Amino acid sequence: MVDSIKDRNVNISIVLLRVFIGWHFLYEGVIKLFNPEWTSFGYLASAQGPLKPFFSLLISPSVIGWVDVLNMAALIIVGVAFTLGVFEKKGAIVAIGLLALYYLAHPPFPWLDQLNTEGNYWFVNKNLIELIACILIYNFPTGHYFGLNYFIKRKPIKT
Amino acid sequence: MKWSRRDLLKGLGGLPILGAVWWAGAANTVYNRRGRSEILQQLNISPSLPPMVPNIGGEPIKVGIIGFGIRGEQLCRSLGFATKEWMEEMKAEAEIDPKNKALEDFLNQDKLNVKLVGVCDVFDVNAERAIRSFSTPENKVKRYDTYQEMIHSGEVEAVVIATPDHWHAPISIEALNNNIHVYVEKPMTHTVDETYSLRTAAEQSKAIFAVGHQHRQTLSFKTAKDIVEKGTLGHVSLIQTNTNRNDDNGAWNYDIHSKANPDTIDWEQFLGSAPKIPFNKNHFFRWRKWWAYGSGLSGDLLTHDYDRLNCVLNMGIPHSVSASGGIYTHNDGRDVPDVLQVNMEFPEFSTGSSQAQGKEKGMTFCYSATLGNAFSRPTILMGHDATMELGNTLTVWPDMASTRYAEMLEAEKMLPHIPIYQYNPGANVPDAISSATSQYFADKGLMWTYINGERVDSTFLHMREWLSAIKNDGNVSCGIKEGFEEAIAAHMAGLSWKLGRKIAWDAEKEVIKPIAGVDFDEVLLSSGEPEILPVTTEQL
């Protein structure tokens, strides 16, 4: 039996989570878009952990420009998809990928120096938690409940 | 299809959120950027570009190296000649630690138009290593037993001098008198008298004379000069600069070679003007620890810091110098202090004022050194309007009581703890004002000095400048004027420590103000505890 009140509460909770994550991504993306001096060089140059050689490749002069543009575009795409509730599954995949990269560039492993972090972390940090939240959004899309998908879902229904 | 209000709310509800976030992000960034560009416009600083020197064309310059110890080897690498031993060692180190790019950087270094034709070293092992490494079938490196032989051989056009300090001036003078170009390590001279003789020789010679203060090539120092000249810092009243070391190498306890003995070392020649003492490996390899051959912190390391600031401020010889310190951490028989504090006074010097004219004048240059602690103390220039931290990167913070920035500070467009300017030759953006975060990344040593995408060392640039000046009759950035100022300032510091009193400079007569009954060079070369002299009124 479906408990419609519970169902509604779950929907609202996930919508809030989705919109707020979208908000976070969008704001980060827009800040970078409007600031031509921004570059991910510092973040990548100081990468640590097992994927350090990979991140070091990304800072070579011919690549870093693309990395910056792609990062900015991905942030904005996820931000728009989540706040508007459209293509959220695809958005969630992009978000999971981005967050995984952020996590792996500066993993909070106890044997690594923690560079420039504002909290204390042991394996789990905010990036990882947001990543898990994006997995939830991937599995429970709510665009049909609150978002542009509401109309897409309504389309086939003839009134 | 009919849309109810509820439908629109549920379907399009995200739009206003998206719009609000987008607007907030854009407005915030544009506002911050406008603030930054306002500051940058007001500062009007031109970040320095990599130096351009005319080509070293034509026939290769025939260079001889005099002194092939630790520094001599380093200088040869900058000329493009690395020993086989060093190459193998660096190859092995790069295999263990891929971050070690010493060999890669050396191989990528531009080739200078140089033919290394001769070597002169009183230690057979050093001389033979150079010959073995640098000789080719077409060019056999020749060993000269004495520097005179090399200079008069007719085979050498230029010499690089990396001997102990007490040999710097005699060899430089001999070379200049014979119109042989000279690149000499710092300090330029070992005594006060030599400083004048060397200046005369350099002025009368057709040869190009350069002192090895390679940091003059560092881009951040050139930018710092622009910052000071534009009045960004206001009047600088105090400079704090330091040497902080805490290891054997830093305390000049270099390795003693196993093959060193009276048969492999020409001991008499090493001693030269120094007191005649029996053969002593400790003195030979660790000569920096005795006044007889070196000059300890004042001549060896203060000169670096003095010249780093002199190339930014052009402050010249101090009006007076007082020094204190002692042998407090390395009681190993040395007679040079291992802790030294030097205050140089420049009462007439001014970097300009943002206040009423004449209000701000005078500066103290404070050098503080210990060989017993390696905690990093940065070089700081303290001005009325701003403070500059000067290193490979350069950062400027506004002063909370600045006159020049009062309005911007009041409007919170500037904050005392946020840098208003940061210069980092390795960063993507040459003149970005940055947040504390990127300052952090820069401090971590993540950025390098790149020229056309390749990491280069300043000694290479310094030698290239000298060689280009030889070929094109150009100027060097650290010539006899700069070397003279460096040497006199260092000798004043050494004398002050030894005599326990203030040493003053007579700028008109261009002499260190005499002290009755004191022979400055005798004092400078003497070993033993400093002598505390009473001060008479006429000497003040």
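**Entry 1. Parallel sheet, chain B**

I began with strand 4 (residues 158–161) of chain B, which is joined to strand 5 (residues 181–184) of chain B by four bridges, the two running parallel. The model is a predicted one. Within this pair I looked up Val160(B) and found its bridge partner in strand 5 of chain B to be Tyr183(B). I then followed the sheet outwards: six strands of chain B make an open sheet in the order 3-2-1-4-5-6, and the pairing is parallel. I noted strand 3 (142–143) and strand 6 (209–211) of chain B as the edge strands, each pairing on one side only.

**Entry 2. A cis bond after strand 5**

Going on from strand 5, I checked the loop that leads to helix 9 (192–204) of chain B, and Pro187(B) lies in it. The peptide bond from Lys186(B) to Pro187(B) is cis, with omega near -10°. I note for comparison that most peptide bonds are trans.

**Entry 3. Mixed sheet, chain B**

I turned to the other sheet I had listed for chain B. This open sheet has 10 strands in the order 14-13-12-11-7-10-9-8-17-18, with mixed pairing. Strand 14 (421–423) and strand 18 (511–512) of chain B are at its edges with a single partner strand each, so each has one side without a neighbour in the sheet. Helix 10 (residues 219–229) of chain B packs on this sheet and touches strand 11, strand 12 (386–390), strand 13 (394–398) and strand 14 of chain B. The direction of helix 10 makes about 165° with that of strand 12 of chain B.

I looked at some of the pairs in turn. Strand 7 (residues 236–244) and strand 11 (residues 379–383) of chain B are antiparallel, with four bridges. Ile239(B) has Leu381(B) as its bridge partner in strand 11 of chain B.

Strand 8 (residues 320–326) of chain B I checked on two sides. With strand 9 (residues 339–346) of chain B it pairs in the antiparallel sense over seven bridges. With strand 17 (residues 503–506) of chain B the pairing of strand 8 is also antiparallel, over two bridges. Which residues face Ser320(B) in these two strands? In strand 9 of chain B, Ser320(B) stands opposite Glu345(B), and in strand 17 of chain B its bridge partner is Ala504(B).

**Entry 4. Positive phi after strand 7**

I followed strand 7 of chain B into the loop before helix 11 (267–271) of chain B, where Trp252(B) is found. Trp252(B) is not a glycine, yet it has a positive phi of about 70°. Most residues other than glycine have a negative phi.

**Entry 5. Helix 10 against helix 13**

I came back to helix 10 of chain B for its contact with helix 13 of chain B. Their axes are 8 Å apart and the packing angle is about 50°. How do the two helices of chain B, 10 and 13, stand to each other: parallel or oblique? Helix 10 and helix 13 of chain B are oblique, because an angle of about 50° is neither under 35 degrees, nor over 145, nor within 65 to 115.

From helix 10 of chain B, the residues in contact are Phe221(B), Ala224(B), Lys225(B) and Val228(B); they meet Arg308(B), Cys311(B), Val312(B) and Leu313(B) of helix 13 of chain B. I sorted this contact by class and got six nonpolar, no polar and two charged residues.

**Entry 6. Cavity and helix 17**

I searched for cavities of 30 Å³ or more and the structure holds one. About 40 Å³ of space lies in the largest cavity. Its lining consists of His190(B), Trp291(B), Ser295(B), Ser298(B), Gly299(B), Ala490(B), His491(B), Gly494(B) and Leu524(B). Helix 13 (296–313) and helix 17 (480–499) of chain B are the elements that give two or more residues to this lining. Which helix of chain B gives the most to the lining? Helix 17 of chain B does, with three residues. By class I recorded three nonpolar, six polar and no charged residues in the lining.

I also placed helix 17 relative to the mixed sheet. Helix 17 of chain B lies across strand 8, strand 9, strand 17 and strand 18 of chain B, at about 55° to strand 8 of chain B.

**Entry 7. Chain A**

Last, I looked at chain A. Chain A has seven helices and zero strands, in the pattern α-α-α-α-α-α-α along the sequence. The C-alpha trace of chain A spans about 60 × 35 × 20 Å along its principal axes.

Notes:
Residues numbered from 1 in each chain as written. Chains lettered and ligands numbered in written order. Predicted model: local features only at pLDDT ≥ 70, side-chain atom pairs only at ≥ 80, totals over all residues. Heavy atoms only, no water. 1 Å grid on protein atoms, 1.4 Å probe; cavity = no way out; pocket = protein on both sides within 12 Å on 5 of 7 lines; lining within 4 Å. Points joined across faces, edges and corners; volume = space filled by probe spheres on them. Nonpolar A, V, L, I, M, F, W, Y, C, P; charged D, E, K, R; others polar. Pairing = 2+ DSSP bridges. Contact = heavy atoms within 4.5 Å. Axes fitted to C-alpha atoms, helices over the stretch in contact; angles between N-to-C directions.
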